[in-house]
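The following exercises ask the reader to work from the coordinates of a model. Please inspect the structure before consulting each solution.

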Amino acid sequence: MGAVQTLTVAEDDAGQRLDRWLRRRFPHLAQGAIEKLCRTGQLRLDGARAKASDRVAAGQAVRVPPLPDAPPADAARPDRTGAPARAPAAPAASDADAAMMRAAVIWQDQHMIVLNKPPGLPSQGGSGQGGRHVDGLSHLLADGYKERPRLVHRLDKDTSGILLLARTERVARRLAAAFRGRETRKVYWAAVAGVPDPKAGRIRFGLVRAAGRGAGGEGEKMRCILPDAVETTEGAQAATTDYRVLDALGRRVAWVALAPITGRTHQLRAHMAEIGHPIAGDGKYGGSGQENLGDGWGAQLGGEISRKLHLHARSLTLAHPVTGEVLTFVAPLPPHMARTWQMLGWREADAPADPFAEAPGRRR
């Protein structure tokens, strides 16, 4: 049995149902148990009673009462038919995972840790993830501090780059407030199919969740809608992305800098696909088997280009949550993107430090 925890909702998790948000962090927790915790007032949002269907907001504090430990891998429990079923357990951290987490650290002090998250590693747990995700491995970076480092925001499993951890709840709250108040500056790099025209612009499509398959919502994705329809569409959120083309190979592929003005789930991936230039390797939004060999549409570029997602959280600028010093962190490209850049003749050093120093044009 664990202890009482107070968790902070990351910016990228805003809008999720409380029960789904909780199950992502505690996959072994049954839906019935979550609803009971709500009914009895043990699970609280910002100190108030909550319902399983409540939508969480960035920066909210979620009080989680002591929870039973995840059952061991060999523990059996009945499924809906009464037959015993295996329950997944969070695996113990291996030496390789410990080395990976250490290698991912690009900056740290007594208040926060900055990681260059490798692609393929989830930020948080979910169905079938066990404990092998940044949140589940963050204790490996505790370095003797009393509290386990906690996530401030998220990156998709296959997105690499800058990810922040806070060493204390107080710092987590301050950083979450900075993200929520748009006091940070995030720049992503991507390789996209085709070349956007114009070469700099602003995308304003709203986003609404499209239901996935299965009880856990597997396969869900975000659907773009016109900005004017956001207020009249249930569950929709306004979303804004600035983009700028930094280089291109003919009309086939472009190196694009992306700045999310809002922080919605899958925002960059959905927005780029909606304007006809899906991010290379994005099977969810760009078609898993569709190749773009010229001006066509599809997320696979063919040839020797990796089929992995080409989206990287390149840099983050923010004020330090304690000292107030303005800091900028830069994450090197992951190996598969570095190979693509080399193959296409693109050099990281050729990109401007701030691709959005000049206000981009507008695009809807």
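Three exercises with worked solutions follow, and the model to which they refer is predicted.

**Exercise 1.** Determine which residues of helix α8 are buried and how they are placed around the axis.

*Solution.* Step 1: apply the cut-off for burial, under 20% relative accessible area. Within α8, which spans residues 335–344, H336, M337, T340, W341 and L344 are buried. Step 2: consider their directions from the axis. These residues cover an arc of only 140 degrees, which puts them on the same side of α8. Step 3: examine the face turned away from that buried side, where the exposed residues P335 and Q342 are found. Step 4: identify the cover. The buried residues of α8 are covered by elements including β11 (185–193), β15 (241–249), β16 (253–260) and β17 (311–319).

**Exercise 2.** Identify the residues that touch the most other members of the largest nonpolar core, and the strand that gives the most to this core.

*Solution.* Step 1: the core holds 54 residues, of which L115, V134, L164, L175, L258 and L311 touch the most other members. Step 2: strand β10 (residues 160–166) gives the most, with five residues. Step 3: take V134 as an example; its contacts beyond four places in sequence include M101, L115, L151, L163 and L165.

**Exercise 3.** Establish the strand order of the four-stranded open sheet and locate its edges.

*Solution.* Step 1: the order is β1-β4-β2-β3, with antiparallel pairing. Step 2: β1 (5–8) and β3 (48–49) each have a single partner strand, so one side of each lacks a neighbour in the sheet and both stand at the edges. Step 3: inspect the pairing of β2 (residues 44–45) with β3, which comprises two bridges. Here L45 stands opposite A48 of β3.

Key
Residues are numbered from 1 along each chain as its sequence is written. This is a predicted model: local features need pLDDT of at least 70, side-chain atom pairs count only at pLDDT 80 or more; totals for chains, interfaces and linings use all residues. Side-chain values use heavy atoms; hydrogens and water are left out. Buried means under 20% relative accessible area, exposed over 50%, partly exposed in between (1.4 Å probe, protein chains only). The arc is that of the directions from the helix axis to the C-beta atoms. Contact means heavy atoms within 4.5 Å. A nonpolar core is a set of buried Ala, Val, Leu, Ile, Met, Phe, Trp, Tyr and Cys residues joined through side-chain atoms within 4.5 Å. Two strands pair if DSSP finds at least two bridges between them.
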